[in-house]
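Subject: Structure for you to look at

Hello,

Here is the structure I said I would pass on. Please open it beside this email and follow along.

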Amino acid sequence: QLQLVESGGGLVQPGGSLRLSCAASGFTLGLYAMSWFRQAPGKEREGLLCIRMSDSSTAYADSVKGRFTFSRDVAKNTVYLQMNNLKPEDTAVYYCAAEVNKPLVTPHCALEGPRSREYDYWGEGTQVTVSS
C-alpha cells in the first residue's frame, strides 16, 4: 500500500510562485516513479513531469519548460514542483501520481497516452489558483 499527499497549493497573483510537494508513505520500497499532473476546469488531465526513482531520470512536458522546476528529497520520498511566473491558465488541480514495481506489468513513466491515466496511486490533488 502507498499513500500520496500533495500540499502547497493556494491562491497566487499572476507572475507569482508556488512550491508544491508530494510525499509518499507506506510501502515506498516498491516505488518506480513519481509524476505530476494537472487538470483545469473543462480540460483533460495533463502530464507535467515524471521521475524514475532508480536513476532520477526525468521526463517533462513542453508546457513546463522554463517556468517549472522539479526536485526530489530521496530520504523523505518527496518530490517538489517549483512553479514560477504563474499565469491564469496554470489554474488547475495539481495531482501527484506514483507507479510501483509489480509482477507481469512493465512499469512506466508516461505523461500522455493510455498509460498516463493508469498510474497505480494518485493523491487527492491540491488546488492552484492564479488570479489578480
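Start at the hairpin of E4 and E5, where six residues lie between the strands and Gly 42 takes a positive phi near 75°. Keep in mind throughout that this is a predicted model.

**The strands around E5**

Strand E4 covers residues 31-39, and it pairs with E5 in the antiparallel sense over six bridges. To find the register of this pair, look for Phe 37, which stands opposite Gly 47 in E5.

On its other pairing, E5 meets strand E6 (residues 58-60), again in the antiparallel sense, over three bridges. Here Leu 49 stands opposite Tyr 60 in E6. E5 and E6 also form a hairpin, with five residues between them. In that turn, Ser 56 has a positive phi of about 65°.

How many of the seven residues of strand E5 are buried? Five of them are, so the strand, residues 46-52, is largely enclosed by the rest of the structure.

**The strands around E3**

Next, go to strand E3. Strand E1 (residues 2-7) pairs with E3 in the antiparallel sense over six bridges. Strand E8 (residues 78-83) is also joined to E3 by six bridges, and these two run antiparallel. Ala 23 is a useful marker for both pairings: Val 5 stands opposite Ala 23 in E3, and Ala 23 stands opposite Thr 78 in E8.

Two residues in this region are worth a look.

The first is Ser 21, which sits in strand E3 (residues 18-26). Is Ser 21 buried or exposed? Its relative accessible area is 16%; the cut-off for buried is under 20%, so Ser 21 is buried. The side chain of Ser 21 makes a polar contact of 2.6 Å with the side chain of Ser 7. Apart from neighbours within four places in sequence, Ser 21 is in contact with Val 5, Glu 6, Ser 7, Trp 36, Thr 78, Val 79 and Tyr 80.

The second is Thr 78, found in strand E8. Thr 78 has a relative accessible area of 7% and is buried. A polar atom of the Thr 78 side chain lies 2.9 Å from the backbone oxygen of Lys 76. If residues up to four places away in sequence are not counted, Thr 78 touches Ser 21, Cys 22, Ala 23, Arg 72 and Asp 73.

**The loop between E9 and E10**

Now move to the loop between strand E9 (92-100) and strand E10 (121-122), which holds Pro 107. With 19% relative accessibility, Pro 107 counts as buried, because the cut-off is under 20%. Which residues does Pro 107 contact, leaving aside neighbours within four places in sequence? They are Tyr 32, Glu 99, Val 100 and Asn 101. Pro 107 and Tyr 32 are 75 residues apart in sequence, but their C-alpha atoms are 6.9 Å apart in space.

Tyr 119 lies in the loop between E9 and E10 as well. At 5% relative accessibility, Tyr 119 counts as buried. Its side chain has a polar contact of 2.9 Å with the side chain of Ser 35. A polar atom of the Tyr 119 side chain also lies 2.6 Å from the backbone oxygen of Ala 110.

Tyr 119 and Glu 99 are 20 residues apart in sequence and 5.4 Å apart in space, C-alpha to C-alpha. Glu 99 is one of the residues that Tyr 119 touches, not counting those up to four places away in sequence. The others are Ser 35, Phe 37, Cys 50, Ala 97, Ala 98, His 108, Cys 109 and Ala 110.

**The largest pocket**

Last comes the largest pocket, with a volume of about 170 Å³. Which residues line the largest pocket? The lining is made of Phe 37, Glu 44, Arg 45, Glu 46, Gly 47, Leu 111, Glu 112, Gly 113, Ser 116, Arg 117 and Trp 122. You will recognise Phe 37 and Gly 47 from the pairing of E4 and E5, where they stand opposite each other. By type, the lining divides into three nonpolar, three polar and five charged residues.

Regards

Conventions. Residues numbered from 1 in each chain as written. Predicted model: local features only at pLDDT ≥ 70, side-chain atom pairs only at ≥ 80, totals over all residues. Heavy atoms only, no water. 1 Å grid on protein atoms, 1.4 Å probe; cavity = no way out; pocket = protein on both sides within 12 Å on 5 of 7 lines; lining within 4 Å. Points joined across faces, edges and corners; volume = space filled by probe spheres on them. Nonpolar A, V, L, I, M, F, W, Y, C, P; charged D, E, K, R; others polar. Buried < 20%, exposed > 50% of the residue type's maximum accessible area, 1.4 Å probe, protein only. Helix = DSSP H or I, 4+ residues; strand = E, 2+ residues; numbered from the N terminus. Pairing = 2+ DSSP bridges. Polar contact = N/O pair within 3.5 Å; in protein donor to acceptor, adjacent residues only side chain to side chain. Contact = heavy atoms within 4.5 Å.
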